[in-house]
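Colleague: I am new to this model and would like to learn how to read it. Could you take me through it feature by feature?

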Amino acid sequence: MNLEEFVIALPKAELHLHIEGTLEPEMMFELARRNAVPLPWDSVEATRVAYDFSNLQSFLDLYYAGAAVLLHEQDFHDLALAYLERAHADGVVHAELFFDPQTHTLRSVPFSTVLDGLERACVEAQQRWGMSTRLIMSFLRHLSEEDGFATLDEARPHLHRLHGVGLDSSELGHPPSKFERLFAECRRLGLPVVAHAGEEGPPEYIFEALDLLQSQRIDHGVRASEDPALMARLAREQIPLTVCPFSNVRLRVFDTLAEHNLKTLLDAGLNVSINSDDPAYFGGYVAQNYIDTAAALSLSRAEIKRIARNSLQASFVSDAQRRPWL
Ligand code: ES4
Ligand code: ZN
């Protein structure tokens, strides 16, 4: 079995995936036409050429511009179904999707429109491919605490349809501590918490995500390797890191895949998984992330298996009966 066949055949969970980041330029142009929304680019090709990022912020600016074509329930459905079909082809048996309600509600798209469309696609993926899914509402950390509370209020009638909350967008200057009270309220409502930390931000932000937000996983977390005490804690407590190798290279966290610290994290005994983050923008879906990372870091098949198993173990599906793949 070659590496690609091996990777695709492994049952795996995708735990770090922004559904808005699966908007391929082809669909972006189709929805722009359908919804009569202007785009800053002339063509699909010119759009891909513009995806030359220098850091997280330069990516986010384009990501929010692209998301402006999403207006109707059908748009969110089509976006999510296309992702889930692609993930199924990669051997993903379970996917936990982040969505950014504020990206849409700030453009007057109702919260329920976003959720209805995403959820309908998730139901179809279960019926068609037997995939299980979770929806994680992610707060934009560049916005205020007050905006976050307003979004939580919009979500209140739908809490039973959400499986957790996350924290994403521009990390530097927006530490987890900014959202300590918001996340305390989310936990009080019974929502599991995850947070992006240690992507561009320092190890201190990872400590804050754990201690102030009680984050159950760390999204990215790659800068943990700068702090030995943090590394020891992440290993001891088996706190999952949802690592996204293509993202880290495209956003210049590491210059090349060969310089990525994923193997260092794995060797230190951390629960590391491989995920695609924003695959339409970063050059590949989850299986390609596994394949290229394994090749660049000379990962053994046993190590690749362990990463896939980590992803299943770190998922929010807890009932053994509903985890046939473990
Ligand atoms: C994101 Cl790569 C990344 N980091 C932080 N926030 C995000 N939102 C979408 N992709
Ligand atoms: Zn992310």
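**Strands and sheets**

Modeller: Let's begin with a pair of strands: strand S7 (residues 241-243) runs parallel to S8, and three bridges connect them. Strands here are DSSP runs of E with at least two residues, helices are runs of H or I with at least four, and both are numbered from the N terminus. Two strands count as paired when DSSP finds at least two bridges between them. Within this pair, leucine 241 faces valine 272 of S8. The model is a predicted one, so local features need pLDDT of at least 70 and side-chain atom pairs pLDDT 80 or more, while totals for chains, interfaces and linings use all residues. Residues are numbered from 1 along each chain as its sequence is written, with chains lettered from A and ligands numbered from 1 in the order in which they are written.

Colleague: In what order do the strands of the open sheet with S7 and S8 lie?

Modeller: The order is S5-S6-S7-S8, a four-stranded open sheet with parallel pairing. Its edges are strand S5 (194-197) and strand S8 (272-274), each of which pairs on one side only.

Colleague: And which strands are at the edges of the sheet that has S1 and S4?

Modeller: That sheet is also open, with four strands in the order S1-S2-S3-S4 and parallel pairing. Strand S1 (12-18) and S4 are the edge strands, with pairing on one side only. You can follow the bridges across: five connect S1 to S2, six connect S2 to S3, and five connect strand S3 (residues 132-140) to S4. For single residues, alanine 13 lies opposite histidine 94 in S2, and histidine 94 has serine 132 as its bridge partner in S3. Further along, phenylalanine 139 is matched with leucine 167 in S4.

Colleague: Where do side chains point along a strand?

Modeller: In a regular strand they alternate between the two faces of the sheet.

**Buried or exposed**

Colleague: How many residues of strand S2 are buried?

Modeller: The general idea is to count other C-beta atoms, placed from the backbone, within 10 Å of a residue's own: 20 or more means buried, 12 or fewer exposed, and anything in between partly exposed. In strand S2 (residues 92-99), eight of the eight residues are buried, so the rest of the structure largely encloses this strand.

Colleague: What about glutamate 124: buried, exposed or partly exposed?

Modeller: Glutamate 124 is partly exposed because 16 other C-beta atoms are within 10 Å. This residue belongs to helix H7 (residues 111-129). Its C-alpha atom is 7.7 Å from that of leucine 81, although 43 residues separate the two along the chain. Histidine 158, in the loop between helix H8 (145-155) and strand S4 (164-168), is partly exposed too, with 17 other C-beta atoms within 10 Å. Histidine 158 is in contact with Ser112 and Leu115, leaving out residues up to four places away in sequence; contact means C-beta atoms, placed from the backbone, within 7 Å.

**Annotated residues and the ligand**

Colleague: Which residues does UniProt list as "binding site"?

Modeller: UniProt annotations may be inferred rather than shown by experiment; feature names are shortened and positions follow the numbering used here. The unreviewed entry gives His16, His18, His196 and Asp277. These residues span 262 residues in sequence, yet no two of their C-alpha atoms are more than 11.7 Å apart, so they gather at one spot.

Colleague: Where does histidine 196 lie?

Modeller: Histidine 196 is part of strand S5, and it is buried, with 28 C-beta neighbours inside 10 Å. Beyond four places in sequence, its contacts include Asp168 and His220. Aspartate 277 sits in the loop between S8 and helix H14 (279-282) and is buried, with 30 other C-beta atoms within 10 Å. Among its contacts beyond four places in sequence are His16 and His18.

Colleague: Which residue has the label "active site"?

Modeller: The unreviewed UniProt entry lists Glu199. Glutamate 199 lies in the loop between S5 and helix H10 (203-211) and counts as buried, with 24 C-beta neighbours inside 10 Å.

Colleague: Which residues are around ligand 1?

Modeller: A residue is near a molecule if its C-beta atom, placed from the backbone, lies within 6 Å of it. Around ligand 1 these include His18, His196, Glu199 and Asp277.

How values were computed. Two residues are in contact if their C-beta atoms, placed from the backbone, lie within 7 Å.
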